[in-house]
Amino acid sequence: MARFLAREVEPFAEQWERDGCVPREVLRKMGEAGFLGLMYSSQHGGAEADALTNPVFAEALSQSTYGGFIITVLVHTDMASPHLHHAGNSEQQAKYMPGVIAGRTITAVGITEPGAGSDVAGLKTSARRDGDHWVLNGTKLFITNGVHADLYFIAARTGTARHAISMFIVEKGTPGFSVGRSLEKTGWLSSDTAELVFEDCRIPAANLLGEQDKGFYSVMKNFQTERIALAAMAIGHCTRALEMTLAYVRDRRPSARPCSTSRWCASARHARRQGARCAPVPLPLRLAGGAGA
Ligand SMILES: Cc1cc2nc3c(=O)[nH]c(=O)nc-3n(C[C@H](O)[C@H](O)[C@H](O)COP(=O)(O)OP(=O)(O)OC[C@H]3O[C@@H](n4cnc5c(N)ncnc54)[C@H](O)[C@@H]3O)c2cc1C
(Lines give C-alpha, C1' and ligand atoms only; values in the text may rest on other atoms or scores of the structure.)
Protein backbone atom coordinates (compact mmCIF):
# COMPACT_ATOMS: atom_id res chain seq x y z
CA MET A 1 0.00 0.00 0.00
CA ALA A 2 2.82 2.41 0.92
CA ARG A 3 4.46 1.83 -2.47
CA PHE A 4 1.15 2.36 -4.26
CA LEU A 5 0.53 5.64 -2.40
CA ALA A 6 4.04 6.92 -3.16
CA ARG A 7 3.81 6.00 -6.84
CA GLU A 8 0.17 6.52 -7.81
CA VAL A 9 -1.33 8.96 -5.29
CA GLU A 10 0.99 11.43 -3.56
CA PRO A 11 2.43 13.03 -6.74
CA PHE A 12 -1.05 13.66 -8.21
CA ALA A 13 -3.46 14.12 -5.31
CA GLU A 14 -3.03 17.90 -5.05
CA GLN A 15 -4.30 18.18 -8.62
CA TRP A 16 -7.22 15.83 -7.83
CA GLU A 17 -8.16 18.18 -4.97
CA ARG A 18 -8.26 21.04 -7.47
CA ASP A 19 -10.20 18.94 -10.02
CA GLY A 20 -12.73 17.85 -7.39
CA CYS A 21 -12.45 14.16 -8.25
CA VAL A 22 -10.20 11.13 -8.15
CA PRO A 23 -9.66 9.70 -11.68
CA ARG A 24 -11.39 6.35 -12.24
CA GLU A 25 -8.09 4.98 -13.51
CA VAL A 26 -6.71 5.04 -9.95
CA LEU A 27 -9.46 2.75 -8.70
CA ARG A 28 -8.85 0.45 -11.64
CA LYS A 29 -5.17 0.27 -10.69
CA MET A 30 -6.15 -0.46 -7.08
CA GLY A 31 -8.42 -3.21 -8.35
CA GLU A 32 -5.62 -4.69 -10.45
CA ALA A 33 -3.37 -4.63 -7.39
CA GLY A 34 -6.01 -6.60 -5.46
CA PHE A 35 -6.92 -3.89 -2.91
CA LEU A 36 -10.66 -3.63 -3.62
CA GLY A 37 -11.92 -7.10 -2.77
CA LEU A 38 -9.91 -8.14 0.26
CA MET A 39 -12.82 -9.74 2.09
CA TYR A 40 -14.79 -10.91 -0.93
CA SER A 41 -15.12 -14.31 -2.55
CA SER A 42 -12.24 -15.53 -4.71
CA GLN A 43 -14.93 -16.74 -7.12
CA HIS A 44 -15.42 -13.06 -8.07
CA GLY A 45 -11.75 -12.06 -7.85
CA GLY A 46 -11.58 -11.31 -4.11
CA ALA A 47 -8.92 -12.39 -1.62
CA GLU A 48 -11.16 -13.94 1.09
CA ALA A 49 -8.93 -12.37 3.73
CA ASP A 50 -9.88 -12.42 7.43
CA ALA A 51 -11.87 -9.75 9.30
CA LEU A 52 -8.81 -7.78 10.41
CA THR A 53 -7.48 -7.26 6.91
CA ASN A 54 -9.86 -4.45 5.91
CA PRO A 55 -9.09 -2.25 8.96
CA VAL A 56 -5.35 -2.86 8.38
CA PHE A 57 -5.90 -1.82 4.73
CA ALA A 58 -7.90 1.28 5.79
CA GLU A 59 -5.16 2.31 8.22
CA ALA A 60 -2.40 1.81 5.65
CA LEU A 61 -4.40 3.71 3.01
CA SER A 62 -4.88 6.56 5.49
CA GLN A 63 -1.15 7.16 5.73
CA SER A 64 -1.89 9.44 2.79
CA THR A 65 -2.80 12.96 3.90
CA TYR A 66 -5.42 13.18 1.13
CA GLY A 67 -8.69 12.36 2.86
CA GLY A 68 -10.73 12.95 -0.31
CA PHE A 69 -8.91 10.14 -2.08
CA ILE A 70 -9.15 7.85 0.96
CA ILE A 71 -12.89 8.29 1.44
CA THR A 72 -13.49 7.70 -2.29
CA VAL A 73 -11.87 4.29 -1.84
CA LEU A 74 -13.29 3.43 1.59
CA VAL A 75 -16.87 4.22 0.59
CA HIS A 76 -16.40 1.78 -2.29
CA THR A 77 -14.70 -0.98 -0.24
CA ASP A 78 -16.23 -0.61 3.24
CA MET A 79 -19.46 1.34 3.02
CA ALA A 80 -21.21 0.70 -0.31
CA SER A 81 -20.07 -2.67 -1.73
CA PRO A 82 -20.53 -4.49 1.64
CA HIS A 83 -24.29 -4.15 0.99
CA LEU A 84 -23.86 -6.37 -2.07
CA HIS A 85 -21.53 -8.71 -0.20
CA HIS A 86 -23.83 -9.15 2.80
CA ALA A 87 -27.25 -9.17 1.14
CA GLY A 88 -26.74 -9.88 -2.57
CA ASN A 89 -28.03 -13.19 -3.92
CA SER A 90 -25.79 -15.34 -6.12
CA GLU A 91 -27.08 -13.79 -9.39
CA GLN A 92 -26.53 -10.23 -8.11
CA GLN A 93 -23.04 -11.09 -6.82
CA ALA A 94 -22.08 -12.84 -10.07
CA LYS A 95 -23.33 -9.87 -12.10
CA TYR A 96 -21.72 -7.05 -10.16
CA MET A 97 -18.93 -8.27 -7.86
CA PRO A 98 -16.24 -8.89 -10.50
CA GLY A 99 -16.50 -5.26 -11.69
CA VAL A 100 -16.58 -3.92 -8.12
CA ILE A 101 -13.46 -5.87 -7.13
CA ALA A 102 -11.62 -4.95 -10.33
CA GLY A 103 -12.37 -1.23 -9.80
CA ARG A 104 -14.32 -1.02 -13.08
CA THR A 105 -17.65 -0.52 -11.28
CA ILE A 106 -17.52 2.25 -8.66
CA THR A 107 -20.14 2.01 -5.91
CA ALA A 108 -22.05 4.45 -3.70
CA VAL A 109 -24.62 4.03 -0.95
CA GLY A 110 -27.64 6.32 -0.65
CA ILE A 111 -29.31 6.46 2.76
CA THR A 112 -29.25 10.13 3.86
CA GLU A 113 -31.97 12.51 2.66
CA PRO A 114 -32.65 16.21 3.12
CA GLY A 115 -34.93 15.32 6.07
CA ALA A 116 -33.28 12.12 7.37
CA GLY A 117 -29.66 11.72 8.49
CA SER A 118 -29.03 10.16 11.91
CA ASP A 119 -32.67 9.07 11.93
CA VAL A 120 -32.48 6.44 9.19
CA ALA A 121 -36.02 5.19 9.91
CA GLY A 122 -37.30 8.68 9.03
CA LEU A 123 -36.34 8.43 5.36
CA LYS A 124 -39.04 9.26 2.82
CA THR A 125 -37.79 7.96 -0.54
CA SER A 126 -40.40 5.41 -1.55
CA ALA A 127 -40.35 2.22 -3.60
CA ARG A 128 -43.67 0.95 -4.92
CA ARG A 129 -44.04 -2.47 -6.52
CA ASP A 130 -45.54 -2.34 -10.02
CA GLY A 131 -45.62 -5.72 -11.77
CA ASP A 132 -42.04 -6.84 -12.43
CA HIS A 133 -40.63 -3.52 -11.33
CA TRP A 134 -40.11 -1.27 -8.33
CA VAL A 135 -40.77 2.43 -8.84
CA LEU A 136 -38.54 4.76 -6.80
CA ASN A 137 -39.35 8.38 -5.91
CA GLY A 138 -37.38 10.69 -3.64
CA THR A 139 -34.08 12.50 -3.07
CA LYS A 140 -30.82 11.45 -1.44
CA LEU A 141 -28.31 13.97 -0.11
CA PHE A 142 -24.57 14.02 0.72
CA ILE A 143 -23.86 10.86 -1.29
CA THR A 144 -20.15 10.12 -1.60
CA ASN A 145 -19.11 8.92 -5.10
CA GLY A 146 -22.55 10.19 -6.13
CA VAL A 147 -21.37 11.69 -9.41
CA HIS A 148 -18.88 9.05 -10.53
CA ALA A 149 -20.42 5.82 -9.27
CA ASP A 150 -21.78 3.22 -11.67
CA LEU A 151 -23.78 1.28 -9.10
CA TYR A 152 -25.86 2.63 -6.21
CA PHE A 153 -27.30 0.84 -3.19
CA ILE A 154 -30.39 2.84 -2.27
CA ALA A 155 -32.54 2.68 0.87
CA ALA A 156 -36.25 3.29 0.25
CA ARG A 157 -39.48 2.94 2.17
CA THR A 158 -41.55 -0.09 1.12
CA GLY A 159 -44.24 -0.01 3.80
CA THR A 160 -45.97 2.19 6.33
CA ALA A 161 -44.35 0.69 9.47
CA ARG A 162 -41.48 2.88 10.74
CA HIS A 163 -38.76 0.34 9.91
CA ALA A 164 -40.28 -0.91 6.63
CA ILE A 165 -37.29 0.02 4.51
CA SER A 166 -35.67 -2.04 1.74
CA MET A 167 -32.40 -1.78 -0.16
CA PHE A 168 -32.25 -1.61 -3.96
CA ILE A 169 -29.57 -1.84 -6.61
CA VAL A 170 -29.76 1.06 -9.06
CA GLU A 171 -27.49 1.25 -12.09
CA LYS A 172 -26.33 4.60 -13.42
CA GLY A 173 -28.31 5.51 -16.53
CA THR A 174 -31.59 4.02 -15.30
CA PRO A 175 -34.39 6.28 -16.63
CA GLY A 176 -35.84 8.42 -13.84
CA PHE A 177 -32.56 8.46 -11.88
CA SER A 178 -30.34 11.54 -12.08
CA VAL A 179 -27.52 13.19 -10.18
CA GLY A 180 -29.16 16.42 -9.02
CA ARG A 181 -26.06 18.42 -8.14
CA SER A 182 -22.52 18.00 -7.02
CA LEU A 183 -22.10 19.55 -3.56
CA GLU A 184 -19.28 21.86 -2.54
CA LYS A 185 -17.35 21.05 0.64
CA THR A 186 -14.67 22.72 2.72
CA GLY A 187 -12.45 19.62 2.77
CA TRP A 188 -12.06 16.21 1.10
CA LEU A 189 -12.28 18.17 -2.14
CA SER A 190 -11.34 15.27 -4.42
CA SER A 191 -14.21 13.18 -3.03
CA ASP A 192 -17.36 13.82 -5.01
CA THR A 193 -20.48 14.35 -2.89
CA ALA A 194 -23.83 14.62 -4.63
CA GLU A 195 -27.58 14.83 -4.48
CA LEU A 196 -29.43 11.95 -6.18
CA VAL A 197 -32.94 12.31 -7.55
CA PHE A 198 -35.43 9.51 -8.30
CA GLU A 199 -38.50 10.44 -10.32
CA ASP A 200 -40.65 7.42 -11.19
CA CYS A 201 -37.42 5.48 -11.57
CA ARG A 202 -38.33 1.93 -12.62
CA ILE A 203 -35.93 -0.81 -11.67
CA PRO A 204 -36.40 -4.57 -12.20
CA ALA A 205 -37.92 -6.47 -9.27
CA ALA A 206 -34.71 -8.55 -9.28
CA ASN A 207 -32.83 -5.46 -8.01
CA LEU A 208 -34.28 -5.74 -4.52
CA LEU A 209 -31.19 -6.29 -2.35
CA GLY A 210 -31.87 -8.63 0.56
CA GLU A 211 -35.28 -9.13 2.12
CA GLN A 212 -38.14 -6.71 1.52
CA ASP A 213 -38.79 -4.43 4.56
CA LYS A 214 -35.57 -5.60 6.28
CA GLY A 215 -33.28 -2.96 4.78
CA PHE A 216 -33.16 -0.92 8.00
CA TYR A 217 -31.36 -3.82 9.67
CA SER A 218 -28.96 -4.20 6.70
CA VAL A 219 -28.11 -0.51 7.01
CA MET A 220 -27.43 -0.89 10.75
CA LYS A 221 -25.27 -3.97 10.10
CA ASN A 222 -23.24 -2.18 7.43
CA PHE A 223 -22.78 0.85 9.69
CA GLN A 224 -20.56 -1.41 11.84
CA THR A 225 -18.19 -1.96 8.91
CA GLU A 226 -18.26 1.78 8.19
CA ARG A 227 -17.43 2.71 11.77
CA ILE A 228 -14.48 0.34 11.89
CA ALA A 229 -13.14 1.66 8.57
CA LEU A 230 -13.49 5.27 9.74
CA ALA A 231 -11.77 4.47 13.06
CA ALA A 232 -8.90 2.86 11.12
CA MET A 233 -8.81 5.91 8.85
CA ALA A 234 -8.48 8.21 11.88
CA ILE A 235 -5.65 6.09 13.30
CA GLY A 236 -3.84 6.10 9.93
CA HIS A 237 -4.09 9.90 9.74
CA CYS A 238 -2.93 10.22 13.35
CA THR A 239 0.10 8.01 12.64
CA ARG A 240 1.08 10.14 9.66
CA ALA A 241 0.54 13.37 11.60
CA LEU A 242 2.81 12.08 14.37
CA GLU A 243 5.51 11.09 11.87
CA MET A 244 5.36 14.52 10.26
CA THR A 245 5.44 16.23 13.67
CA LEU A 246 8.43 14.21 14.84
CA ALA A 247 10.30 14.87 11.59
CA TYR A 248 9.57 18.57 12.05
CA VAL A 249 10.70 18.83 15.67
CA ARG A 250 13.85 16.80 14.92
CA ASP A 251 14.93 19.09 12.07
CA ARG A 252 13.81 22.32 13.63
CA ARG A 253 16.25 24.69 15.34
CA PRO A 254 15.27 25.26 18.99
CA SER A 255 13.53 28.62 19.30
CA ALA A 256 11.32 30.17 21.93
CA ARG A 257 9.72 26.80 22.70
CA PRO A 258 12.12 23.99 23.66
CA CYS A 259 12.06 20.98 21.34
CA SER A 260 11.72 18.65 24.31
CA THR A 261 8.23 20.07 24.95
CA SER A 262 7.15 19.31 21.39
CA ARG A 263 8.62 15.82 21.75
CA TRP A 264 6.74 15.32 25.01
CA CYS A 265 3.50 16.34 23.27
CA ALA A 266 4.26 13.97 20.39
CA SER A 267 4.92 11.13 22.86
CA ALA A 268 1.63 11.81 24.62
CA ARG A 269 -0.19 11.72 21.27
CA HIS A 270 1.62 8.52 20.36
CA ALA A 271 0.35 6.91 23.58
CA ARG A 272 -3.20 8.08 22.87
CA ARG A 273 -3.01 6.75 19.32
CA GLN A 274 -1.83 3.37 20.59
CA GLY A 275 -4.79 3.33 22.99
CA ALA A 276 -7.20 4.22 20.16
CA ARG A 277 -5.68 1.50 18.03
CA CYS A 278 -6.52 -1.16 20.61
CA ALA A 279 -10.19 -0.20 20.65
CA PRO A 280 -11.38 -1.10 17.13
CA VAL A 281 -9.23 -4.21 16.75
CA PRO A 282 -11.52 -6.69 18.54
CA LEU A 283 -14.61 -5.34 16.73
CA PRO A 284 -14.07 -6.90 13.29
CA LEU A 285 -13.29 -10.18 15.01
CA ARG A 286 -16.51 -9.94 16.99
CA LEU A 287 -18.50 -9.15 13.85
CA ALA A 288 -16.93 -12.10 12.08
CA GLY A 289 -17.67 -14.25 15.13
CA GLY A 290 -13.98 -15.11 15.40
CA ALA A 291 -11.42 -14.94 18.20
CA GLY A 292 -12.27 -12.27 20.75
CA ALA A 293 -15.98 -12.62 19.95
C1 LIG B 1 -18.80 14.46 3.44
C2 LIG B 1 -20.00 13.63 3.70
C3 LIG B 1 -20.17 12.44 3.00
C4 LIG B 1 -21.33 11.66 3.23
N5 LIG B 1 -21.51 10.51 2.50
C6 LIG B 1 -22.67 9.83 2.62
C7 LIG B 1 -22.95 8.71 1.78
O8 LIG B 1 -22.13 8.29 0.97
N9 LIG B 1 -24.16 8.10 1.91
C10 LIG B 1 -25.11 8.52 2.81
O11 LIG B 1 -26.18 7.91 2.87
N12 LIG B 1 -24.87 9.57 3.63
C13 LIG B 1 -23.68 10.24 3.55
N14 LIG B 1 -23.43 11.32 4.36
C15 LIG B 1 -24.46 11.75 5.31
C16 LIG B 1 -24.14 11.39 6.74
O17 LIG B 1 -24.31 10.01 6.94
C18 LIG B 1 -25.07 12.25 7.59
O19 LIG B 1 -24.53 13.55 7.56
C20 LIG B 1 -25.20 11.74 8.99
O21 LIG B 1 -25.99 10.59 9.00
C22 LIG B 1 -25.84 12.78 9.91
O23 LIG B 1 -27.03 13.21 9.36
P24 LIG B 1 -27.36 14.79 9.22
O25 LIG B 1 -26.20 15.44 8.54
O26 LIG B 1 -28.71 14.91 8.63
O27 LIG B 1 -27.36 15.31 10.72
P28 LIG B 1 -28.53 15.21 11.77
O29 LIG B 1 -29.12 13.83 11.78
O30 LIG B 1 -29.48 16.34 11.56
O31 LIG B 1 -27.73 15.43 13.11
C32 LIG B 1 -27.18 16.72 13.43
C33 LIG B 1 -26.64 16.64 14.86
O34 LIG B 1 -27.72 16.34 15.76
C35 LIG B 1 -27.40 15.18 16.53
N36 LIG B 1 -28.62 14.41 16.72
C37 LIG B 1 -29.39 13.84 15.77
N38 LIG B 1 -30.43 13.22 16.31
C39 LIG B 1 -30.33 13.38 17.65
C40 LIG B 1 -31.12 12.95 18.75
N41 LIG B 1 -32.24 12.24 18.60
N42 LIG B 1 -30.70 13.31 19.99
C43 LIG B 1 -29.58 14.04 20.17
N44 LIG B 1 -28.80 14.47 19.15
C45 LIG B 1 -29.17 14.14 17.92
C46 LIG B 1 -26.36 14.41 15.70
O47 LIG B 1 -25.52 13.59 16.51
C48 LIG B 1 -25.58 15.54 15.05
O49 LIG B 1 -24.58 16.01 15.91
C50 LIG B 1 -22.28 12.08 4.18
C51 LIG B 1 -22.09 13.27 4.90
C52 LIG B 1 -20.97 14.03 4.66
C53 LIG B 1 -20.80 15.32 5.43
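Helices and strands are taken here as DSSP runs, helices with at least four residues and strands with at least two. The model is predicted. By this definition, the protein has nine helices and eight strands. The protein has 293 residues, and 38% of them count as buried. Contacts between residues with a separation of 6 or more were also examined. Of these, 72% join residues 24 or more positions apart.

One helix pair was examined in detail. Two packed helices are described by the angle between their axes and the distance between the axes. Helix α5 spans residues 67–87, and helix α7 spans residues 215–251. Their axes come within 10 Å and cross at roughly 150 degrees. Angles over 145 degrees count as roughly antiparallel, and α5 and α7 are therefore roughly antiparallel to each other. The crossing of α5 past α7 is right-handed. On the α5 side, the contact is made by I70, L74, D78, M79, P82, H83, H86 and A87. On the α7 side, S218, K221, N222, T225, E226, A229 and M233 take part. Seven residues of this contact are nonpolar, five are polar and three are charged.

The surroundings of the ligand were examined next. There are 14 residues around the ligand. I111, T112, G117, S118 and T144 come nearest. Two strands, β1 (107–110) and β3 (133–144), each supply at least two residues of the shell. By class, the shell holds seven nonpolar residues, six polar residues and one charged residue.

Methods:
Residues are numbered from 1 along each chain as its sequence is written. This is a predicted model: local features need pLDDT of at least 70, side-chain atom pairs count only at pLDDT 80 or more; totals for chains, interfaces and linings use all residues. A residue is buried if 20 or more other C-beta atoms lie within 10 Å of its own, exposed if 12 or fewer, and partly exposed in between; C-beta atoms are placed from the backbone. Two residues are in contact if their C-beta atoms, placed from the backbone, lie within 7 Å. Axes are lines fitted to C-alpha atoms, for helices over the stretch in contact, and angles run from 0 to 180 degrees between N-to-C directions. Angles under 35 degrees count as roughly parallel, over 145 as roughly antiparallel, 65 to 115 as roughly perpendicular and the rest as oblique. A crossing is left-handed if the near helix is turned anticlockwise from the far one by less than a right angle, and right-handed if clockwise. Ala, Val, Leu, Ile, Met, Phe, Trp, Tyr, Cys and Pro count as nonpolar, Asp, Glu, Lys and Arg as charged, and the others, Gly among them, as polar. A residue is near a molecule or strand if its C-beta atom, placed from the backbone, lies within 6 Å of it.
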